[in-house]
Amino acid sequence: MEGDREEGKSFKDLGLCEQLLEACDRMNWKYPSKIQAEAIPHALEGKDLIGLALTGSGKTGAFALPILQSLLDSPQPFFACVLSPTRELAIQIAEQFEALGAGIGVKCAVLVGGVDMVQQSINLAKRPHIIVGTPGRLVDHLSNTKGFSLRTLKYLVLDEADRLLNEEFEKSIDEILKFIPRERRTYLFSATMTSKVKKLQRACLRNPVKIEAASKYSTVDTLKQQYCFVPAKYKECYLVYILNEMSGCTSMVFTRTCDATRFLALMLRHLGHRAIPISGKMSQSKRLGALNQFKAGECNILIGTDVASRGLDIASVDMVINYDIPTNVKDYKHRVGRTARAGRSGVAISLVNQYEVEWFVQIEKFVGKKFPEFPSQEEEVLLLMESVKEAKRVSLAKIKELGGKNGKKRGGDDDDEDMDKDTDKYMTHRNVKSSKKMKK
Ligand code: AMP
């Protein structure tokens with residue numbers, strides 16, 4: 001967080017009350033991040049906010065602290081509602097509210113899909129101060145849970161608004177806006193300023209103060225961006241080669257599809273790597289489990305799609321690999337933003353095959369520079385071919401076997417359990433090359 005720190009300002013200078021200063025202290029937040037330093041004073045003045053900031057910039061604190069300060073002034077249930085596009089992000093936001101509000105008895109409820117609605121209704125009956133949820137489930141409760149209403153709501157936060165405005169959420173957001181009072185404060189946080197965000201800003205916010213903590217895309221100096229041109233048929237070989245070369249690093253590997261996350265994780269595990277997939281096909285508890293294993297260091301390679309990986313609160317990883325080139329430059333920005341955070345160094349390597357050159361050229365144009373090539377030795381890569389081929393064969397057979405059971409395709413959930421068992425088995429047969437430390 002030091003890299004994002006606003007020089008010279010303390011939390012006290014921002015106008016926070018004693019109890020919240022203590023809360024920051026307990027969290028070991030020594031200085032406000034840039035977005036916090038810029039947003040909090042305006043928020044405390046009662047302004048609407050529009051913040052352009054990524055996860056990792058401290059944006060949760062930027063909206064949670066002023067909301068908590070206002071709650072302290074006039075405590076009431078159903079005080080604020082935060083909407084997030086993903087369940088994981090909603091849970092992380094609630095955790096930060098709870099941690100910051102621990103000393104002042106703040107009650108939160110998380111309303112996300114994939115979790116029992118009855119338990120959530122019981123939590124709502126306890127009349128929490130803060131509701132954090134995904135749009136669909138919130139609408140479900142607003143429509144069906146007796147005694148629950150947001151008629152007295154004072155704050156609405158739309159986090160990752162650019163994603164919340166995708167078609168899948170549009171209807172739910174419109175519904176929610178009908179359920180809540182117009183007389184309220186609204187904070188809108190987004191990584192990018194799309195035309196839809198602009199439209200929502202006009203519809204929802206009143207004279208907002210605009211804050212850009214991560215303004216135009218600018219890659220930090222500590223981020224090394226490279227590409228590796230690979231023939232499509234050897235793509236897996238190159239992935240294994242890079243991971244072997246960089247073993248000891250924490251990495252995130254991005255793929256286009258959920259199936260690819262599962263396949264690559266199985267393949268890499270067979271080759272002795274500690275890889276774990278995270279995808280929309282997994283149940284909520286499995287996704288959290290994967291995230292926790294990665295955070296705890298039990299696995300050092302997280303393989304995900306853009307959707308599953310956005311907004312996860314993960315400390316800076318050493319390396320991002322674009323296994324599939326994103327077709328959208330904004331996704332590129334989000335992916336590489338996972339590394340080289342807070343002054344740490346990091347590398348982002350894009351594997352480009354013959355069909356992806358066009359997208360890659362767009363990315364270089366967007367970033368505004370030509371990337372150097374990742375130094376790979378083709379002979380060495382091809383030496384891996386036999387073992388990779390075998391790992392692919394075993395993984396495909398496994399997927400087929402799991403898919404065939406009970407005569408129907410099973411979800412990722414049970415497969416993961418099988419993968420867990422497999423990990424132990426394969427870990428004892430490590431055949432990866434001896435570790436080389438990351439070249440910085
Ligand atoms: P966010 O961007 O809100 O997802 O926050 C990313 C991470 O930074 C979280 O783990 C926060 O606990 C942490 N964080 C937020 N604000 C600060 C701060 N001022 N100093 C240090 N860490 C912070």
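# Briefing: loops, salt bridges and rings

Arg-127 sits in the loop that runs between helix 5 (117–125) and strand 4 (130–133). That is our way into a predicted model, whose protein chain has 18 helices and 13 strands. Of the 440 residues in the chain, 55% count as buried. The points below start with the backbone at Arg-127 and move on to charges, rings and a covered helix.

**Two loop residues with positive phi**

- Most residues other than glycine have a negative phi.
- Arg-127 has a positive phi, near 55°, and is a residue other than glycine.
- The relative accessibility of Arg-127 is 45%, so Arg-127 counts as partly exposed.
- Asn-28 is not a glycine either, and its phi is positive at about 65°.
- You will find Asn-28 in the loop between helix 1 (18–26) and helix 2.
- With a relative accessible area of 53%, Asn-28 is exposed, because the cut-off for that class is over 50%.

**The annotated stretch at residues 9–37**

- An unreviewed UniProt entry places a short sequence motif, "Q motif", at residues 9–37.
- In the model, residues 9–37 are 45% helix and 0% strand.
- The C-alpha atoms at the two ends of residues 9–37 are 7 Å apart.

**Salt bridges**

- Side chains of opposite charge can pair when their charged atoms come close.
- Searching the whole structure turns up 16 salt bridges.
- One of them joins Glu-38 to Lys-34, with 3.4 Å between the closest N and O atoms.
- Glu-38 and Lys-34 share helix 2 (residues 34–44), where they are four residues apart, or about one turn of the helix.
- Both ends of that bridge are partly exposed, Glu-38 at 26% relative accessibility and Lys-34 at 31%.
- Another salt bridge brings together the side chains of Glu-183 and Arg-206, at 3.2 Å from N to O.
- This pair links distant parts of the chain, 23 residues apart: Glu-183 is in the loop between helix 8 (167–179) and strand 6 (185–190), while Arg-206 is in the loop between helix 9 (195–204) and strand 7 (209–212).
- Glu-183 is exposed, with 57% relative accessibility, whereas Arg-206 is partly exposed at 40%.
- Lys-370 and Glu-364 also form a salt bridge, their closest N and O atoms being 3.4 Å apart.
- Is each partner in that bridge buried or exposed? Lys-370 counts as exposed at 68% relative accessibility, and Glu-364 counts as buried at 9%.
- A network of salt bridges links Lys-235, Arg-256, Asp-324 and Glu-356.

**Aromatic rings**

- The structure contains nine aromatic pairs.
- Among them are Phe-63 and Phe-189, whose ring centres are 5.4 Å apart and whose planes meet at 55°, so the pair counts as tilted.
- Phe-63 belongs to helix 3 (residues 59–73) and Phe-189 to strand 6, so to speak of distant parts of the chain is fair: they are 126 residues apart.
- Phe-63 and Phe-189 are both buried.
- Four residues, Tyr-227, Tyr-332, Phe-360 and Phe-371, make up one aromatic cluster.
- Lys-235, which we met in the salt-bridge network, lies over the face of Tyr-323, 4.9 Å from the ring centre.

**Helix 10 and Gln-377**

- How many of the residues of helix 10 (residues 235–245) are buried? The count is 11 of its 11 residues, and helix 10 is mostly covered.
- The buried residues of helix 10 include Lys-235, Glu-236, Asn-244 and Glu-245.
- Tyr-238 is also one of the buried residues of helix 10.
- The C-alpha atoms of Tyr-238 and Gln-377 are separated by 9.9 Å, with their positions 139 residues apart along the chain.
- Gln-377 is placed in the loop between helix 15 (357–367) and helix 16 (378–383).
- Gln-377 counts as partly exposed, with a relative accessibility of 39%.

**The chain as a whole**

- Taking contacts between residues at least 6 apart in sequence, 77% join residues at least 24 apart.
- The protein chain exposes about 19600 Å², and carbon and sulfur atoms supply 50% of that area.

Key:
Residues numbered from 1 in each chain as written. Predicted model: local features only at pLDDT ≥ 70, side-chain atom pairs only at ≥ 80, totals over all residues. Heavy atoms only, no water. UniProt positions renumbered as here; feature names shortened; annotations may be inferred. Salt bridge = Lys/Arg side-chain N within 4 Å of Asp/Glu carboxyl O. Buried < 20%, exposed > 50% of the residue type's maximum accessible area, 1.4 Å probe, protein only. Phe/Tyr/Trp six-rings, centres within 6.5 Å; stacked < 30°, edge-to-face > 60°. Lys NZ or Arg CZ within 6 Å of the ring centre and 35° of its normal. Contact = heavy atoms within 4.5 Å. Areas by Shrake-Rupley, 256 points an atom, 1.4 Å probe, with all protein chains shown as cover.
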